[in-house]
Amino acid sequence: MNWIELNIFTSTEGVDILCGTLLGMGVNGFAIKDSKDFQEFLENKEVNWDYIDDDLMGLKNCETTVTVYLPENAQGLENFNAIKSELVALKSRDTENSFGRLEYEISNVKEEDWANNWKQYFKPLTVGDKLLIKPSWETVSENENRKILEIDPASSFGTGQHNTTQLCLELIEKYLSEDDKMLDLGCGSGILSIGGILLGAKSAYAVDIEENAVKIARENALKNGIADELYTAECGNVICDEGLRNRIGGEYDFVCANIVADVLRAMTPYFMGFLKKNGKLVVSGIIDSRKDEVINGIIDAGFKLVEVREKEDWVAAAFVPAK
């Protein structure tokens with residue numbers, strides 16, 4: 001398998017929170033290069049060094065970098081897009097600019113070439129009992145009875161390849177009712193809310209912290225035959241923007257959020273305000289090690305757990321208001 005090297009630039013203070021975010025996304029292997037660590041190495045009085053290689057000396061003035069390696073396949077693309085979204089989210093929370101520039105570089109290949117090369121990995125995919133997800137360049141049988149959800153790999157998370165997306169769509173299919181009013185928090189490509197409308201929701205409001213994701217979600221909705229008046233997409237951060245929360249409003253029949261555990265925890269106080277009294281909440285994007293923490297936090301916020309689904313260390317859960 002080929003691997004892509006992704007270098008993320010941060011600061012000494014940002015290393016722990018960035019690595020914690022990566023772990024929460026299921027990215028378990030990374031390398032850290034930090035000038036502060038090398039300076040401490042140089043100042044170690046217990047060891048005498050006769051010679052230090054020039055390349056090693058170069059670390060003295062290096063920019064702090066966290067390097068991850070992603071497989072050059074569909075799963076790698078989803079991880080890459082998720083990492084980009086989380087870098088935007090970290091930047092928005094870093095009001096004191098403590099975490100460095102939080103930008104990235106890809107080694108070995110151009111980003112646009114990488115995305116194009118991945119077309120070979122994207123094939124029609126069935127999810128649940130009713131959906132078939134396909135990229136635009138693939139065809140399906142004229143006799144196909146499933147709802148066709150067309151999504152191309154782009155710069156936003158959500159092509160259906162990731163376990164968290166599949167788990168979330170399965171729960172949407174099970175718990176969404178005809179003519180539900182739907183809210184998609186952290187929409188990415190829009191796949192969940194578009195899937196929800198195809199499964200019977202009467203309208204959807206999609207929100208993402210990335211402007212590009214909102215643009216792509218709107219385009220994908222139109223590509224799937226969803227009229228503008230049925231699909232609203234807005235850029236913003238519901239955690240810290242009260243004005244956005246007011247614009248979103250409440251009385252939603254169905255709310256979904258497929259985001260990493262830390263963001264779900266931060267969003268938890270707002271879930272109830274978006275829902276009707278008999279509404280349903282589905283969350284996904286939870287790595288198994290954070291399952292109890294996230295689920296118990298939502299229960300403590302006034303919800304009753306209805307179902308948990310797991311797939312390869314990833315967890316999704318469905319809730320209803322407890323009262």
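**View 1. Contacts of Phe271 in the predicted model.** Leaving aside neighbours within four places in sequence, Phe271 is in contact with Leu185, Ala257, Leu264, Leu281, Val283, Ile298 and Phe303. Leu185, Leu281 and Val283, like Phe271, are among the residues with the most contacts inside the largest nonpolar core.

**View 2. The largest nonpolar core.** This core has 53 residues. Those with the most contacts inside it are Ile83, Leu183, Leu185, Ile248, Phe271, Leu281 and Val283. Helix α4, residues 74-93, supplies the largest share of the core, with 7 residues. In soluble globular proteins, nonpolar side chains tend to be buried together.

**View 3. A second nonpolar core.** Separate from the largest core, this set has 36 residues. Its members include Ile172, Leu176, Leu198 and Ile226.

**View 4. Leu102, a residue with positive phi.** Leu102 is found in the loop between α4 and β4, the latter spanning residues 103-107. Its phi is about 50 degrees, although Leu102 is not a glycine. Most residues other than glycine have a negative phi. Leu102 counts as buried because its relative accessibility is 4%, under the 20% cut-off.

**View 5. Asp313, a residue with positive phi.** Asp313 lies in the loop between β13 (303-311) and β14 (314-321). Its phi is near 75 degrees, a positive value in a residue other than glycine. Asp313 has 56% relative accessibility and therefore counts as exposed, the cut-off being over 50%. Of the two residues shown with positive phi, Leu102 is buried, whereas Asp313 is exposed.

How values were computed. Residues numbered from 1 in each chain as written. Predicted model: local features only at pLDDT ≥ 70, side-chain atom pairs only at ≥ 80, totals over all residues. Heavy atoms only, no water. Core = buried A, V, L, I, M, F, W, Y, C linked by side-chain atoms within 4.5 Å. Buried < 20%, exposed > 50% of the residue type's maximum accessible area, 1.4 Å probe, protein only. Helix = DSSP H or I, 4+ residues; strand = E, 2+ residues; numbered from the N terminus. Contact = heavy atoms within 4.5 Å.
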